[in-house]
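Q: Please take a close look at one part of this model: a helix and the partners packed against it. Describe the packing, then its surroundings.

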Amino acid sequence: MIWNEWGQYRPDVPFSDVVIEYLSTLSSSLLRDRESRLYPDVVTFAFFCRKANLLAQKKKYVRDDNLRLGRGVLFHIAPSNVPINFGYSLVAGLLSGNYNIVRVSSKIFPQVDLIVRHMLAMETIGIYKEVSDRIVLVRYDRTSDATNLFSSICNVRIIWGGDTTIAHIRQSAIPARSFDVTFADRYSMAVIRADRMMQVNDTVIDSLAEEFYNDTYLFDQNACSAPHLVVWVGEKEHIERSHERFWNAVWRLVDQKYEFQSVLAVDKLTAFYRQAINMPMEREWTKDNKLVLVNMKRLDASIDDHRCAGGYFSEYRAADLKEIVSIVKDKYQTLAYYGFDKEELEGFITDSRLKGIDRIVPFGETTSFSFMWDGYNLIETLSRECSIF
């Protein structure tokens, strides 16, 4: 690979036909592979790349009266804790018209290897070479000078990671007209309207529990969009009745599906002691350590500093949704909800003028990728507008 030649490549228009066909073919290839069924996140990624979905996305993000081209070369640094993130970042880069260098996680994930294997198979037989030539996947450790090289030739650097990772990557210079798009440490929460949950049958409760499991346990609660704080809204009696039904259903699912690592038991105990020192709270009874619930006596502004992986949830019982306003800062990313109407939530956000919360999604949708992420319109951010007067 002669990296200085990348500066000679020409960007494409967003959602070009050839890119859509490439991703659609990758989708079909993954969905035909029985191994994909072992990994729900791979199947979800494959469904996202279906031609029908991409054409629907094109209608949302491409306007006939708006002339756009990709910015050139994107350097993506994928996170180490969400295997499929590299794929979504790459898809955003391709569909916005760019060439892409993607640093995948140094951790070995079978999901990553599976997707890459299908991409290599397409490249080997020579289909959609024009698109394959826009993709370079790399893996290296922190002692390598590769970050300096890739940073020096990129038009946009996309950093998925914690604050420390971003600070480290930013030590590598980028060209004067280039810029960073950063996805830093974020905190997410869930809100439940108790009276609505109280009215549904056990089948619905089980379905909600599975959606919540996918939001949280599927990635060990490590994704930025995974709720750590759960706020119950409503009358005390309604909350207590709904609370028991919901968490019992969650625990049953966790007990059946979740592979609990012993180190998490120590992490959860440590997290509990740290939190107890800083705020009035108590641990609620649960059947085992696979699910830890901490009942907060008041909403503390530092709650976003107290989180733990693998099924550790702080809870608060509120009379009104407005009680969360005082703690929401720009660190907050996703608000998962059940039982609230969309209009009600829109009014809440507008009236409260919150500093944070960029995404509001129903249970089961926190990890669903969108080109609107962390407040960025990725298609517009990763492309440039050409004005003709």
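A: In this predicted model, helix α2 (residues 40-48) packs on α5 at an angle of about 35°. Their axes are 9 Å apart. The crossing is right-handed. From α2, the contact uses Asp-41, Val-42 and Phe-45. From α5, it uses Gln-111, Leu-114 and Ile-115. By class, that makes four nonpolar residues, one polar and one charged.

Helix α5 (residues 110-124) also packs with helix α1 (residues 17-32). Here the angle is about 120°, and the axes lie 10 Å apart. The two helices are therefore oblique to each other. α1 passes α5 in a right-handed crossing. On the α1 side, the contact is made by Tyr-22, Thr-25, Leu-26, Ser-29 and Leu-30. On the α5 side, Leu-114, Ile-115, His-118, Met-119 and Met-122 take part. This contact has seven nonpolar, three polar and no charged residues. Leu-114 and Ile-115 of α5 thus appear in the contact with α1 and in the contact with α2.

Now the sheet. It is open, with five strands in the order β4-β3-β2-β5-β6 and parallel pairing. β4 (135-138) and β6 (179-183) stand at the edges, each with a single partner strand, so one side of each has no neighbour in the sheet. The twist averages 15° from one strand to the next. Strand β3 (residues 99-103) runs parallel to β4, joined by four bridges. Val-102 stands opposite Leu-137 in β4. Helix α4 (residues 85-95) lies across β2 (73-77), β3, β4 and β5 (156-160). α4 runs at about 165° to β3.

How values were computed: Residues numbered from 1 in each chain as written. Predicted model: local features only at pLDDT ≥ 70, side-chain atom pairs only at ≥ 80, totals over all residues. Heavy atoms only, no water. Axes fitted to C-alpha atoms, helices over the stretch in contact; angles between N-to-C directions. Parallel < 35°, antiparallel > 145°, perpendicular 65-115°, else oblique. Left-handed = near helix turned anticlockwise from the far one by under 90°. Contact = heavy atoms within 4.5 Å. Nonpolar A, V, L, I, M, F, W, Y, C, P; charged D, E, K, R; others polar. Pairing = 2+ DSSP bridges.
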